Amino acid sequence: MSDTHDLFACPIVPVLTVNALEHAVPLAETLGKAGFTALEVTFRTTHAAAAIAAMRKACPDLNIGAGTITGAAQFDAACAVGSDFLVSPGTGPTLFNLFKQAKMPVFPGIATPSEALAAYEQGYKIQKFFPASANGGTAMLKAMSAPLADISFMPTGGIHRENMRDYLDLPNVVAIGGSWMIDSKALAAGDWDALGAYAERQIQA
Ligand code: 3PG
């Protein structure tokens, strides 16, 4: 099980949608070499669970988390393959009940102060702010920082090379996530050298 400090050693978390299972291991290896320490594999394709299992086996030094946890099906599958952390796009009573059984860090999704407080009442001090840019981005995070001083956020959604620094500079942001560092053409072609070089350029920016 990862602790949150190790998880965010690199505070940029690629959010991955694995469309071809054979891409899972080289993708994780390439992103690990590029300097990332945590990857979020979304449950948006049927390959998610198998991809997480394969990546964890091939890259034991990386934290491989499961994203887009929206109900019991994804939760059970993510736990069964030993995901290092769980992320949801939003929350509700069903997810909160499931998350109580989780043996790994969980970052529940919130988009408003009320949702952040509801998650905080459940014990979650680090939450995913999603979709970040559509919900006010850095201005919203700044506005939430005084009244919700004990909560930190991992914003995702609409973050890219040009605005990532604005997010990372905020004291209530522990990490940021997104897909901007993935060169989709290189991924589709399985061109790992190009994918790695592109990702490195994005995080060194
Ligand atoms: C997520 O689930 O966190 C988002 O889909 C990532 O958002 P992005 O593709 O806008 O970076």
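This passage describes a sheet, a ligand site, a pair of helices and two backbone features in a predicted model.

Three strands, arranged in the order S6-S7-S8, make up an open sheet with parallel pairing. Its edges are formed by strand S6 (109-110) and strand S8 (152-155), each of which pairs on one side only. Strand S7, which covers residues 126-129, is joined to S8 by four bridges in the parallel sense. One of the residues involved is Phe129, whose bridge partner in S8 is Pro155. Helix H7, made up of residues 137-145, lies across S6, S7 and S8. The direction of H7 is at about 150 degrees to that of S7.

The loop between S7 and H7 contains Pro131. The peptide bond that joins Phe130 to Pro131 is cis, with an omega of about -15 degrees. A second backbone feature occurs at Thr68, which has a positive phi of about 55 degrees although this residue is not a glycine. Thr68 belongs to the loop that runs between strand S3 (63-67) and helix H4 (72-80). Both features may be set against the general pattern, in which most residues other than glycine have a negative phi and most peptide bonds are trans.

Phe130 also takes part in the surroundings of the ligand, together with Val15, Arg44, Lys128, Thr156, Gly157, Gly158, Gly178 and Ser179. Polar atoms of the protein approach oxygen atoms of the ligand from side chains and from the backbone. For Arg44, a polar side-chain atom is 2.4 Å from a ligand oxygen atom. For Lys128, the corresponding distance from a polar side-chain atom to an oxygen atom of the ligand is 2.8 Å. Gly158 contributes a polar backbone atom, which is 2.9 Å from an oxygen atom of the ligand. The ligand exposes 310 Å² when taken alone, and 79% of that area is buried by the protein.

The packing of two helices is described by the angle between their axes and the distance between the axes. For helix H2 (residues 24-34) and helix H10 (residues 192-204), the axes come within 9 Å and cross at roughly 40 degrees. The crossing of H2 and H10 is right-handed. On the H2 side, the contact involves Pro26, Leu27, Thr30, Leu31, Lys33 and Ala34. These residues meet Trp192, Leu195, Gly196, Ala199, Glu200 and Ile203 of H10.

Note on methods: Residues numbered from 1 in each chain as written. Predicted model: local features only at pLDDT ≥ 70, side-chain atom pairs only at ≥ 80, totals over all residues. Heavy atoms only, no water. Pairing = 2+ DSSP bridges. Helix = DSSP H or I, 4+ residues; strand = E, 2+ residues; numbered from the N terminus. Contact = heavy atoms within 4.5 Å. Axes fitted to C-alpha atoms, helices over the stretch in contact; angles between N-to-C directions. Near = heavy atom within 4 Å. Polar contact = N/O pair within 3.5 Å; in protein donor to acceptor, adjacent residues only side chain to side chain. Areas by Shrake-Rupley, 256 points an atom, 1.4 Å probe, with all protein chains shown as cover. Left-handed = near helix turned anticlockwise from the far one by under 90°.
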